[in-house]
Amino acid sequence: MSDVLVLIPTCTAFADTWAPGIACLRKFWTDCAYDVVWMNDGEKPDVPLVGLWPGRVGNRVFASRSLSSRGWCKRILAEEWIHPGDNGNAPWKLILMFLDDMFLCAPPDEARLDEAISLMRGHAEIDAIQLYHRDDCVEMYGQSIFFRLAPGAPYPITTGPCLWRPSALRRAAALGGTAWDFELRGSREAPKYTVLSCGAESVMPVQYTAITRGEWEPGALEFLRREGIAVDASRRGTRGQ
């Protein structure tokens, strides 16, 4: 079993993102070798997670159900996936986390993802590596292919695709609140973290984000329909319409 976990936090209010999100994982990450947790707030997804990648034996896909009253950050903290075991080690050494409405829109860059994983395994001082496009990086980190963020760059703590050390994810979530609070409150604590970026070329290319202020982004719906991925757009409005 790999020591990397893919964690996708969601909630029933975003249930209409589950089917297209899972369809995008199936379509664009056909050789995913990691366990995937679909972290929900109490209701099982209405699409099958077991058999997400039929025929593969290198990973497991399962849903997690936490109490909806806990709040986003508290549900992250309650997850067994990021807590140390009896021997002081978390069952997974690294967590690749992104939100439910950040649909994978192209295959991940597996070679660079492997490099990010190797870099974090070998450098305990690195708390996280952001895996989506950023153009506000300033310098390479040592001899790696990854970059330091510019001082004062927005959202050093993010819900976008990011490879986390579980201890750092716990620290950021301990500030409490919603997913947005996680980013805002955590980013105020940026000097306490060592966060790197993949730079201008995404490692995990996603449609970022599909839902804004409770409404579908037209570009996200266009992308899903272009890819032949079914989406129920009747539950919420579409921005600008």
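Which side chain meets Asp-127 in a salt bridge? In this predicted model, the partner is Arg-171, and the N-to-O distance is 3.0 Å. Arg-171 sits in helix 4 (residues 166-173), while Asp-127 belongs to the loop between helix 3 and strand 6 (128-130), so this pair ties together parts of the chain that are 44 residues apart in sequence. The two ends do not share the same surroundings: Arg-171 is partly exposed, at 38% relative accessibility, whereas Asp-127 is buried, with a relative accessible area of 8%. Asp-127 gets that label because 8% falls under the 20% cut-off for buried residues.

That pair has company, as a search of the whole structure turns up 10 salt bridges. One of them joins Asp-3 to Arg-121, with the closest N and O atoms 2.5 Å apart. Asp-3 comes from the segment before strand 1 (4-9) and Arg-121 from helix 3 (residues 110-122), so here the parts being tied together are 118 residues apart in sequence. Asp-3 itself counts as partly exposed, at 22% relative accessibility.

Another salt bridge pairs Glu-227 with Lys-27, and its closest N and O atoms are 2.7 Å apart. This one links distant parts of the chain, 200 residues apart: Glu-227 is in the segment after helix 6 (218-226), and Lys-27 is in helix 1 (residues 18-28). Glu-227 is partly exposed at 25% relative accessibility, and Lys-27 is partly exposed too, with a relative accessible area of 38%.

Helix 1 also has a buried side to its story. Its buried residues are Trp-18, Pro-20, Gly-21, Ile-22, Cys-24, Leu-25 and Phe-28. Several of these positions are three or four places apart, as with Trp-18, Ile-22 and Leu-25. In an α-helix there are 3.6 residues a turn, so residues with that spacing point the same way. What do the buried residues of helix 1 pack against? The answer is strand 1, strand 2 (35-40), strand 5 (103-104) and helix 6.

Next comes the nonpolar interior. The largest nonpolar core has 71 residues, and the members that touch the most others are Trp-29, Trp-164 and Phe-182. Take Phe-182: leaving aside neighbours within four places in sequence, its contacts include Trp-72, Cys-73, Met-97, Ile-157, Leu-169 and Ala-172. Trp-164, another of those well-connected core members, is on the contact list of Phe-182 as well.

Then there are the pockets. About 640 Å³ of space lies in the largest one. It is lined by 28 residues, and those closest to its centre are Leu-99, Thr-159, Trp-180, Glu-183 and Thr-209. Thr-159 is also one of the residues in contact with Phe-182. Helix 2 (72-78), helix 5 (179-188) and strand 12 (211-212) each supply at least two lining residues, with helix 5 giving the largest share, three residues. By type, the lining of the largest pocket splits into 13 nonpolar, nine polar and six charged residues.

The second largest pocket has a volume of about 220 Å³. Of its 13 lining residues, Leu-149, Pro-156, Ala-190, Tyr-193 and Val-195 are the closest to its centre. Strand 8 (147-149) and strand 10 (195-197) each supply at least two residues of this lining. Here the residues divide into 10 nonpolar, two polar and one charged.

Note on methods: Residues numbered from 1 in each chain as written. Predicted model: local features only at pLDDT ≥ 70, side-chain atom pairs only at ≥ 80, totals over all residues. Heavy atoms only, no water. Salt bridge = Lys/Arg side-chain N within 4 Å of Asp/Glu carboxyl O. Buried < 20%, exposed > 50% of the residue type's maximum accessible area, 1.4 Å probe, protein only. Core = buried A, V, L, I, M, F, W, Y, C linked by side-chain atoms within 4.5 Å. Contact = heavy atoms within 4.5 Å. 1 Å grid on protein atoms, 1.4 Å probe; cavity = no way out; pocket = protein on both sides within 12 Å on 5 of 7 lines; lining within 4 Å. Points joined across faces, edges and corners; volume = space filled by probe spheres on them. Nonpolar A, V, L, I, M, F, W, Y, C, P; charged D, E, K, R; others polar.
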